[in-house]
Amino acid sequence: MSRIVSLAAALTLTLTVGLPAAMAQDAAPATKAIVNGEAITSDALEARQYDLIGKDAIVKPVLDESRQLSRTPAVAQDLKGLMAAVVQENPEATKEQIMAIVGEKSVAYTQTLAVRRVKPKLFAEVEAKALHELIDEQLMLQEAKRQNVTIDDAAVDKAAEATVKRAGAADEQLHKLLVAWDKRALPGAKARIKAAMAWRAALKARLGAETDDATAAKELAALKQNAKIEKP
């Protein structure tokens, strides 16, 4: 029974690594940086990491890892247990129907295990960039607040929904996993877009005109030079 339960949990396609989902939800987010007294949390960092990792960086490593896992004795034993569970849950199904269900669930199971294996490396590769972006964006939002700039959340949502998604056709490999990845990346995309909108509006309010990229970069550098940035 315990093996069947573990299979069912894995087939939810959760992308959480380490702690079970219930425990992860209960844990308070850690502080990754403090910008002028305002914290950047591990939740914000994680969302940005999901946002930064492209489809090409996910698909090949996950498919390669899932193929290797499917040949390991432990996973082979799990898949035998999965077949027994499917047969038990579908007593009137034909052999062909059973094999179709088992095939789909087996792929989902090994791919979910694979993403848990490759995710730490993918996240480590973009962690520094993600934190750098979040610090810059915190400064942008603080400046926007000083300039009494407000951003329409509906406009942010619309812009975020229009961004390129990792999940494409429903029949492509890893479709369900990429849909789940996009869902976890959405808060990071929204935060990025909101900060960019707020920054443009803040600069216009302060300087009286639209600014080019070079001027915007110079203004941000000045903010950062005078900011109090702590990394606990």
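The legends below describe close-up views of a predicted model.

Local features were taken at pLDDT of at least 70 and side-chain atom pairs only at pLDDT 80 or more, while totals for chains, interfaces and linings use all residues. Residues are numbered from 1 along each chain as its sequence is written, and side-chain values use heavy atoms, with hydrogens and water left out.

**View 1. Overview of the protein chain, with nine helices and three strands.**
Helices (H or I, at least four residues) and strands (E, at least two) are DSSP runs, numbered from the N terminus. In that direction the elements follow the order α-α-β-β-α-α-α-α-α-α-α-β. The chain has 232 residues, of which 37% count as buried; buried means under 20% relative accessible area, exposed over 50%, and partly exposed in between (1.4 Å probe, protein chains only). Among contacts with a separation of 6 or more, 80% come from residues 24 or more positions apart. Contact means heavy atoms within 4.5 Å.

**View 2. The open sheet of three strands, in the order S2-S1-S3.**
Pairing in the sheet is antiparallel; two strands pair if DSSP finds at least two bridges between them. S2 and S3 are the edge strands, each with a single partner, so one side of each has no neighbour in the sheet. Helix H3 (residues 42-52) packs on the sheet and touches S1 and S2. The direction of H3 makes about 50 degrees with that of S2. For such angles, axes are lines fitted to C-alpha atoms, for helices over the stretch in contact, and the angles run from 0 to 180 degrees between N-to-C directions.

**View 3. The strand pairs S1-S2 and S1-S3.**
Strand S1 (residues 31-35) is joined to strand S2 (residues 38-41) by four bridges, and Val35 stands opposite Glu38 of S2. The two strands form a hairpin with two residues between them. In the turn, Asn36 has a positive phi of about 50 degrees. Two bridges connect S1 to strand S3 (residues 229-230), where Glu230 is the bridge partner of Ile34.

**View 4. Helix H6 and its bend at Val126.**
The bend is about 45 degrees, taken as the angle between axes fitted to the seven residues ending at a position and the seven starting there. H6 spans only 67 Å between its end C-alpha atoms, whereas a straight helix of 52 residues would span 76 Å at 1.5 Å a residue. The expected span is 1.5 Å times one less than the number of residues.

**View 5. Packing of H6 against H8.**
Two packed helices are described by the angle between their axes and the distance between the axes. For H6 and H8 the angle is about 10 degrees and the axes lie 10 Å apart. The two helices are therefore roughly parallel to each other. Angles under 35 degrees count as roughly parallel, over 145 as roughly antiparallel, 65 to 115 as roughly perpendicular and the rest as oblique. H6 residues in the contact include Val115, Leu122, Phe123, Met140 and Leu141. On the H8 side, Trp181, Ala195, Ala198 and Trp199 are among them.

**View 6. Surroundings of Ala130 in helix H6.**
Ala130 is buried because its relative accessible area is 0%. Apart from neighbours within four places in sequence, Ala130 is in contact with Leu45, Arg48, Gln49 and Leu52. Ala44 is 86 residues from Ala130 in sequence, and their C-alpha atoms are 9.2 Å apart.

**View 7. Surroundings of Glu65 in helix H4 (residues 55-70).**
Glu65 counts as buried because its relative accessibility is 17%. Setting aside neighbours within four places in sequence, the contacts of Glu65 are Ala114, Arg117 and Val118.

**View 8. Two loop residues with positive phi, Asn148 and Leu174.**
Most residues other than glycine have a negative phi. Asn148 has a phi near 60 degrees and lies in the loop between helix H6 (95-146) and helix H7 (153-161). With a relative accessibility of 68%, Asn148 counts as exposed. Leu174 has a positive phi of about 70 degrees and lies in the loop between H7 and helix H8 (175-207). With a relative accessibility of 3%, Leu174 counts as buried.
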